[in-house]
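Colleague: I should like to learn how to read a ligand site and a helix contact. May we work through an example?

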Amino acid sequence: MKNEGKYIGLDLRRTEDDRLLMGKGMYVDDIKLDGCYHVAFLRSPYAHANINNIRTVEALALDGVIAAFTGEDLVDKVGYLPLMSNVYPGVMEREKPIIKPQMQRALAYKKARYVGEPVAAIVAISRAVAEDALELIQIDYEPLTVVNDPYKAMKKESPILFEEWGDNIAVSYEVKAGNVEKVLKNADFIIREKFKVNRQSGNPIETRGVLTNWDIRTNSLTMWSSTQMPHRLQYYISECLSIPKSNIRVVAPDVGGGFGPKALIYSEEIALAYFATVLKKPLKWIEDRLEHMKGTAHSRDQHHFVEVGFQKDGTIIGLRDELILDTGAYNLYGVNTSYNTAAHLPGPYRLDHYTCNVKVISTNKVPCSQYRGAGRPEAVFVMDRIIDLIAKQLNMDPADVRIKNMITKEEMPYDTGRLYKDGEPLIYDSGDYVTCFHKALEEIDYHEFRSKQEQYRKEGKYIGVGLSAYVEGTGQGPHDGCRISIDSSGSILCGVSTASQGQGHQTTWAQICAEYLDVPMEQIQIVTGDTAAVKYGSGTYGSRSAVVGGNAIVKACKSIKKKAIKIASILLETSKENLIIGNGRVFLIDKPDVGYTYAELAKWAEPNKLPLKHDIEPGLSVEEYFVPSTATYSNGVHAALVEVDIESGKIEIIKYVVSHDSGKIINPMIAEGQIAGGVAQGIGGAVYEEIVYDDNGQIVTGTYMDYLLPTASEIPDIISIHMESPSTRNSLGVKGVGEGGTISPPAVLANAVEDALRSFDIKINSLPLSPNYIWNLVNESSQQNKQLVMKSND
Ligand code: MCN
């Protein structure tokens with residue numbers, strides 16, 4: 001890859017890995033506070049039940065138990081968990097969403113709505129004692145009829161989760177561009193198809209965890225949480241408990257994976273904050289794996305009914321989608337995930353006439369939030385399956401149908417006619433989708449494979465190729481900040497309001513800072529995930545940190561250089577125009593020997609040091625914020641070769657290629673790691689993972705015996721091709737890369753499997769591509785064929 005900067009663009013090893021890979025990470029559970037009590041939560045065993053009475057007397061009598069809390073104890077003192085997404089004015093005006101905020105309490109009060117919902121909590125001297133005490137809590141539950149299917153949930157006769165709303169439709173709206181009704185009438189062909197995307201769980205290696213400390217001297221709370229959004233957690237603790245924000249510090253120390261579900265404010269965080277205000281003692285809760293499966297948000301779980309109109313030559317002229325998202329018991333992300341799906345569905349394809357009618361439905365399941373890709377894998381699964389179905393109908397090559405409909409470089413910036421979720425026009429800023437597509441075709445040897453495919457089949461091998469292309473809005477607002485302080489030792493402290501869970505921010509932020517300040521990276525210390533490091537921030541989700549955090553660093557670097565020049569101009573009694581910065585020094589343009597290092601200037605910036613009267617604030621320190629105008633759009637193409645064993649239905653991925661464009665790349669090695677990790681998770685969701693519920697709302701795949709995560713042996717080598725179309729929306733030219741890997745695997749693998757099994761004429765419209773599912777499809781098709789043969793023999 002081209003290296004245009006001294007540091008930006010370099011393949012540097014991650015500086016945090018010395019610590020993280022040697023087992024020296026500092027995760028929430030590694031932090032020990034003297035006199036710390038432990039918290040355990042009692043969770044509802046029922047999916048839907050009234051809670052009539054809770055008795056904690058026996059639990060409280062157990063040796064070592066400090067306190068017991070129930071929903072009733074919190075009801076007047078603790079606010080509801082927050083709704084995480086705003087609906088911006090543009091979306092409000094145009095799409096007119098109807099939103100029924102279905103809010104959760106930190107501890108359920110009067111009614112439990114999913115198995116796993118926290119109902120009571122025990123604080124004790126150890127987790128073991130706390131768990132023993134949970135068994136002594138007596139609850140008088142009155143089980144209610146369980147709603148576990150979104151279609152049934154919409155029926156009039158269905159029980160309702162929130163009686164005050166009158167139905168189970170949490171959100172409804174329509175994303176619309178052009179006039180799909182009209183164009184569908186003129187289509188040569190129409191395909192109607194249903195698709196289903198499986199419910200998944202995030203499964204970071206580190207489960208969630210919270211530790212609190214209460215300072216009786218200042219009446220202030222410090223919380224360490226494995227959260228993706230420390231600043232927002234700080235704000236919402238303040239809102240829920242009515243404590244001034246300035247009395248709350250939230251730290252996300254090392255976090256062992258987040259993947260989206262940790263970008264929520266959880267019951268346990270708000271509850272522990274409240275318990276800390278009452279008990280004024282350090283408190284710790286660490287989620288165990290069983291709790292994670294039923295206590296941490298799930299995702300995906302979408303149903304689509306699509307109607308697409310196209311012409312004989314493969315041109316798609318209109319698409320209508322009915323999207324149902326089963327959001328579980330509480331609608332914590334508002335319109336967000338479904339909007340991501342609706343807005344991203346057409347992807348890199350030209351689709352002027354498009355409607356997506358969205359309904360987000362409440363059921364008695366774990367609430368859904370965002371999980372890596374957050375609505376885009378679902379969108380791309382639908383769109384790229386549709387394209388393969390069009391190709392099949394027209395007997396065209398699926399690659400040709402894609403190219404025919406793909407937006408070209410010449411059309412950039414491309415106005416899709418839709419709105420992004422921030423209410424701004426959804427305009428792709430830059431990208432060369434067609435070249436990106438051709439690169440993937442080349443790398444997978446597409447045409448060569450096609451020429452051999454028949455031969456493979458004759459040899460009894462069922463090998464297919466799949467293609468998928470996506471566009472992803474990244475780098476969303478509202479803002480992130482960076483505070484840089486240089487001290488007289490020359491050490492540069494760079495606090496950024498992002499919160500890494502493994503993305504390598506310590507390295508890439510130092511690369512940006514070193515580049516813009518022109519100093520060695522070793523001189524820079526990066527601090528993230530701490531509300532004390534920068535005043536405001538949004539967090540790390542939505543592949544936004546490189547864009548928003550990265551550009552906040554650029555702004556802070558520029559600003560601190562200005563200040564350094566101003567101080568130097570006073571010291572050298574010259575105008576600022578006569579000074580420049582290089583190699584960590586400010587010096588005279590025409591006398592490079594005369595100048596000051598940052599360290600020397602930092603010394604002069606101490607109070608009362610500067611010789612002349614001046615208006616400079618003390619300290620060589622600044623704090624700046626980057627507020628993006630709207631998203632910037634990454635894109636990519638995945639291609640895979642897959643062999644299917646028709647005896648078992650098992651899939652083997654022979655080759656996997658990702659050709660992607662995330663604008664300027666700060667660190668290609670890290671970007672490649674992000675893609676590889678994303679693809680691995682995408683393969684998991686496509687082939688193995690599924691949260692399955694029974695009729696009583698119990699999870700039947702709630703342990704790793706049944707919820708299958710891919711291991712290294714299931715993940716092929718991933719070949720990445722980088723392209724760089726700089727974003728025009730920020731000065732680094734960057735776009736996000738953290739989720740792209742996860743977006744296309746379901747589509748690409750489904751297409752490859754269907755292609756491999758062409759001779760069976762199967763149709764894949766549901767995930768995961770489990771051996772069971774594939775075997776059944778093959779078997780049903782064989783049975784049908786046999787019946788046809790028998791009929792014709794009759
Ligand atoms: N980067 C780069 N060049 C670019 C863009 C990004 O070198 N043009 C680098 C960044 O500097 C950063 C990394 O790539 O080190 C990811 O950046 P970005 O795309 O901005 O994504 P975020 O840092 O905001 O991370 C969030 C994203 C999301 S939404 C999920 S989910 C996810 C992911 O990142 N969760 C992860 N990657 C993960 N990786 C790990 N190890 N663990 C998770 O929980």
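Colleague: Which atom of R544 lies 3.1 Å from an oxygen atom of the ligand?

Modeller: The model is predicted, so to speak of local features requires pLDDT of at least 70 and side-chain atom pairs pLDDT 80 or more, while totals for chains, interfaces and linings use all residues. Residues are numbered from 1 along each chain as its sequence is written, and side-chain values use heavy atoms, without hydrogens and water. A polar contact is a pair of N or O atoms within 3.5 Å. Here a backbone N or O atom of R544 is the partner. A backbone N or O atom of A546 lies 2.8 Å from a ligand oxygen atom, and a polar side-chain atom of T508 lies 2.9 Å from one. The protein covers 96% of the 820 Å² of accessible area (Shrake-Rupley method, 1.4 Å probe) that the ligand has on its own.

Colleague: How many residues surround the ligand?

Modeller: A residue counts as near if one of its heavy atoms lies within 4 Å. The ligand is surrounded by 32 residues, the closest being G258, Q503, K664, Q674 and V737. Helices are DSSP runs (H or I, at least four residues); α16 (505-517) provides the largest share of the shell, 3 residues.

Colleague: At what angle do the axes of α11 and α12 cross?

Modeller: Axes are lines fitted to C-alpha atoms over the stretch in contact, and angles run from 0 to 180 degrees between N-to-C directions. Helix α11 (residues 336-344) and helix α12 (residues 376-394) cross at roughly 35 degrees, their axes coming within 8 Å. Contact (heavy atoms within 4.5 Å) involves N340, T341 and H344 of α11 and R376, E378 and A379 of α12.

Methods:
Polar contact = N/O pair within 3.5 Å; in protein donor to acceptor, adjacent residues only side chain to side chain. Helix = DSSP H or I, 4+ residues; strand = E, 2+ residues; numbered from the N terminus.
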